[in-house]
Amino acid sequence: MATASSEQAAAPRDTGPTALNRYVELLRAQPPDRRLAQAVALTLAVRELAVAGIKQRHPRATRKEIRARLAVRLYGRTIAARLYGPIPEDAV
């Protein structure tokens with residue numbers, strides 16, 4: 001059986017190999033629907049954090065600007081411009 005660190009492109013820097021292997025074992029023991037629910041919850045949490053960061057740095061941004069800045073962060077400037085038109089120069 002392959003170890004968790006051999007299956008990942010880069011192992012987390014803050015997690016030792018024993019803990020990482022245990023984490024992978026626990027994930028594999030869960031039914032697929034539970035793993036999917038956790039992935040969706042984590043994705044939503046990351047998105048909320050990204051939006052909060054954008055709002056903190058740009059408190060006067062409109063909803064459209066916030067969505068455009070988030071799109072730049074998630075998909076890149078080219079795709080964001082296709083979706084939202086002109087993108088603020090400082091959007092990253």
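This talk goes through the fold, the salt bridges and two surface patches of a single chain, and the model is a predicted one.

Let me start with the overall architecture. The chain holds five helices and zero strands, and read from the N terminus its elements run α-α-α-α-α. As for its dimensions, the C-alpha trace covers about 50 × 25 × 25 Å along the principal axes. The radius of gyration comes out at 18 Å, where a compact globule of 92 residues would have one near 12 Å. To that I would add the burial figure, which is that buried residues account for 20% of the 92 residues in the chain.

Now to the salt bridges. As general background, side chains of opposite charge can pair when their charged atoms come close. How many salt bridges does a search of the whole structure find? The search returns three, and I will take them one after another.

The pair I begin with is Arg-22 and Glu-25, whose side chains meet in a salt bridge with an N to O distance of 3.4 Å. These two residues are separated by about one helical turn, because they stand three residues apart in helix 2, which covers residues 17-29. On the question of solvent, Arg-22 has a relative accessible area of 46% and is therefore partly exposed, and Glu-25, at 40% relative accessibility, also counts as partly exposed.

The next pair takes us to helix 4, where Arg-69 forms a salt bridge with Glu-65, with the closest N and O atoms 2.8 Å apart. Both residues lie in helix 4, four residues apart, which is about one turn of the helix. Is Arg-69 buried or exposed? Arg-69 is buried, because its relative accessible area is 6% and the cut-off for burial is under 20%. Its partner Glu-65, by contrast, has a relative accessible area of 24% and so is partly exposed.

Arg-69 also takes part in a salt bridge with Asp-90, and here the closest N and O atoms are 2.9 Å apart. This pair links distant parts of the chain, since Arg-69 sits in helix 4 while Asp-90 belongs to the segment after helix 5, 21 residues apart. Asp-90 is partly exposed, with a relative accessible area of 47%. Through salt bridges that share partners, Glu-65, Arg-69 and Asp-90 are joined into one network.

Let me turn to the surface, beginning with charge. Which residues gather in a patch of positive charge? They are Lys-55, Arg-63, Lys-64 and Arg-67, and the patch they form is on the surface. Helix 4, spanning residues 63-75, gives the most to this positive patch, with three residues. Lys-55, for its part, is placed in helix 3, which runs over residues 32-57. With a relative accessibility of 46%, Lys-55 counts as partly exposed, because exposed is a label kept for values over 50%.

There is also a nonpolar patch on the surface, of about 380 Å², and it is made by Leu-74, Tyr-75, Ile-79 and Leu-83. Where do its residues come from, in terms of helices? Helix 4 and helix 5 each supply at least two of them. I will look at two members in a little more detail. Tyr-75 is found in helix 4, and at 48% relative accessibility Tyr-75 counts as partly exposed. Leu-83 has its place in helix 5, which covers residues 77-84, and at 54% relative accessibility Leu-83 counts as exposed, because that value falls in the range over 50%.

Two C-alpha separations may help with orientation when you turn the model on the screen. Leu-83 and Thr-62 are 21 residues apart along the chain, and their C-alpha atoms are separated by 16 Å. For Tyr-75 and Glu-25, which are 50 residues apart along the chain, the C-alpha separation is 32 Å.

To close, I would ask you to keep two items in view. One is the network that joins Glu-65, Arg-69 and Asp-90 through shared salt-bridge partners; the other is helix 4, which holds both Arg-69 and Glu-65, gives three residues to the positive patch and supplies at least two residues of the nonpolar patch.

How values were computed: Residues are numbered from 1 along each chain as its sequence is written. This is a predicted model: local features need pLDDT of at least 70, side-chain atom pairs count only at pLDDT 80 or more; totals for chains, interfaces and linings use all residues. Side-chain values use heavy atoms; hydrogens and water are left out. Patches are made of residues with over 30% relative accessible area and no salt bridge: like charges are joined within 9 Å, nonpolar side chains (Val, Leu, Ile, Met, Phe, Trp, Tyr) within 5 Å. Accessible areas come from the Shrake-Rupley method with a 1.4 Å probe; for residues, only the protein chains shown count as cover. A salt bridge is a side-chain nitrogen of Lys or Arg within 4 Å of a carboxyl oxygen of Asp or Glu. Lys and Arg count as positive and Asp and Glu as negative; His and the chain ends are not counted. The place of a charge is taken as NZ of Lys, CZ of Arg, CG of Asp or CD of Glu. Buried means under 20% relative accessible area, exposed over 50%, partly exposed in between (1.4 Å probe, protein chains only). The radius of gyration is taken over C-alpha atoms; the globule rule is 2.2 Å times the number of residues to the power 0.38.
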